[in-house]
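Biologist: Can you walk me through this one? Keep it quick, please.
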Amino acid sequence: YHWTEVMMREAGRMMDGLSLHYYTVPGTWQSKGSATDFNEHDWFTTMKKTLHMEELITKHSTIMDKYDPDKRVGLIVDEWGTWYDVEPGTNPGFLYQQNTLRDALVAGINLNIFNNHADRVHMANIAQTINVLQAVILTEGDKMLLTPTYHVFEMYKVHQDATLLPIDLDSAKYSDGDSSIPQVNASASKNSDGVIHISLCNAHHEDSATIAIELRGVKSNKVSGRILTSENMRDHNTFLEPAKIQPSSFSDFKLDQKELSVNLPPKSVVVLAIE
């Protein structure tokens with residue numbers, strides 16, 4: 001934070017963007033943990049560490065607002081995503097890792113955070129795209145598969161070129177020992193056709209969450225949804241089973257006049273369309 005203060009004070013008027021890097025590392029830099037062999041505590045730790053992105057963006061934005069109240073300078077989150085130990089038997093320099101449902105939740109949570117800070121976060125890039133770290137595509141020879149992270153990006157594309165809608169979320173706590181985090185995080189937008197999209201992430205590995213959404217000033221008679229989840233938190237797509245995790249239709253909601261009640265399964269990413 002000190003260097004953000006210095007940079008904005010001394011050079012903010014000449015800058016277009018300020019770079020921020022933050023990786024979600026469940027373990028330590030020396031022993032980051034396995035991408036596929038993890039337990040419930042590792043899952044919780046990953047969710048807690050990835051939510052640190054909210055604090056980073058909020059605090060950096062506060063400093064930037066002091067010197068750039070018009071928000072001309074963009075906060076560029078140009079490296080983010082999960083970082084685990086490389087897959088056994090692969091070149092450690094290539095940083096090849098698998099991609100499970102856990103990574104899908106990390107992607108959804110971070111994209112919600114970026115959406116909610118769209119006034120300051122002008123750009124955000126997941127660290128890599130193919131075969132490296134939290135990749136969206138894995139290849140092997142002439143074979144290719146789409147990862148759970150890819151599917152979250154595809155589901156969230158409905159927010160592109162849309163207008164951010166403020167959302168006030170009162171979530172239950174997800175606890176592990178003495179630590180706790182919000183169980184659900186979300187973001188919402190309205191596109192040029194007037195369709196509202198709400199993306200919701202239930203980070204809890206075994207508990208569902210019922211969310212009551214008050215639709216203020218919205219007349220709706222049609223709601224549809226898509227979900228990404230799987231039976232086991234360690235599930236992932238392989239070249240033998242490339243479609244084990246993929247989006248499906250979601251309908252566990254009820255629209256009652258001005259309120260939409262949604263039941264989110266554990267460890268799930270849900271995107272709703274309200275027309």
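Modeller: Sure. Keep in mind that this is a predicted model. Start with an open sheet of three strands, in the order 1-2-3, with parallel pairing.

Biologist: Which strands stand at the edges of that sheet?
Modeller: Strand 1 (17-24) and strand 3 (121-126). Each has a single partner strand, so one side of each is left without a neighbour in the sheet.

Biologist: How much are neighbouring strands turned against each other?
Modeller: By 20° on average, ignoring direction.

Biologist: And how many bridges pair strand 1 with strand 2?
Modeller: Eight, in the parallel sense. Strand 2 covers residues 74-82. One residue there, Trp-80, is the bridge partner of Tyr-22.

Biologist: What holds strands together in general?
Modeller: Strands of a sheet pair through backbone hydrogen bonds.

Biologist: New topic. What is the phi of Leu-133?
Modeller: Near 50°, a positive value in a residue that is not glycine. Most residues other than glycine have a negative phi. Leu-133 sits in the loop between strand 3 and strand 4 (137-140).

Biologist: Is Leu-133 buried or exposed?
Modeller: Buried. Its relative accessibility is 2%, and the cut-off for buried is under 20%.

Biologist: What about Lys-267, what is its phi?
Modeller: About 45°, so to speak on the positive side, and Lys-267 is not a glycine either. Lys-267 lies in the loop between strand 15 (259-264) and strand 16 (268-274). At 8% relative accessibility, Lys-267 counts as buried.

Biologist: Which strand does strand 15 pair with over six bridges?
Modeller: Strand 11, in the antiparallel sense. Leu-264 in strand 15 is the bridge partner of Ala-209.

Biologist: Which residues of strand 11 are on the covered face?
Modeller: Ala-209, Ile-211 and Ile-213. The uncovered face has Thr-210, Ala-212 and Glu-214.

Biologist: On to pockets. What is the volume of the largest pocket?
Modeller: About 690 Å³. Its lining has 29 residues. Pro-166, Ile-167, Asp-168, Ile-213 and Glu-214 lie nearest the centre.

Biologist: Which strand gives the largest share of that lining?
Modeller: Strand 11, with six residues. By class, the lining has 18 nonpolar, five polar and six charged residues.

Biologist: And what about the second largest pocket, how much space lies in it?
Modeller: About 510 Å³. The second largest pocket is lined by 21 residues, and Leu-111 and His-159 are among those nearest its centre. Strand 3 gives the most to this lining, six residues. The classes here are 12 nonpolar, seven polar and two charged.

Technical notes: Residues numbered from 1 in each chain as written. Predicted model: local features only at pLDDT ≥ 70, side-chain atom pairs only at ≥ 80, totals over all residues. Heavy atoms only, no water. Pairing = 2+ DSSP bridges. Helix = DSSP H or I, 4+ residues; strand = E, 2+ residues; numbered from the N terminus. Axes fitted to C-alpha atoms, helices over the stretch in contact; angles between N-to-C directions. Buried < 20%, exposed > 50% of the residue type's maximum accessible area, 1.4 Å probe, protein only. 1 Å grid on protein atoms, 1.4 Å probe; cavity = no way out; pocket = protein on both sides within 12 Å on 5 of 7 lines; lining within 4 Å. Points joined across faces, edges and corners; volume = space filled by probe spheres on them. Nonpolar A, V, L, I, M, F, W, Y, C, P; charged D, E, K, R; others polar.
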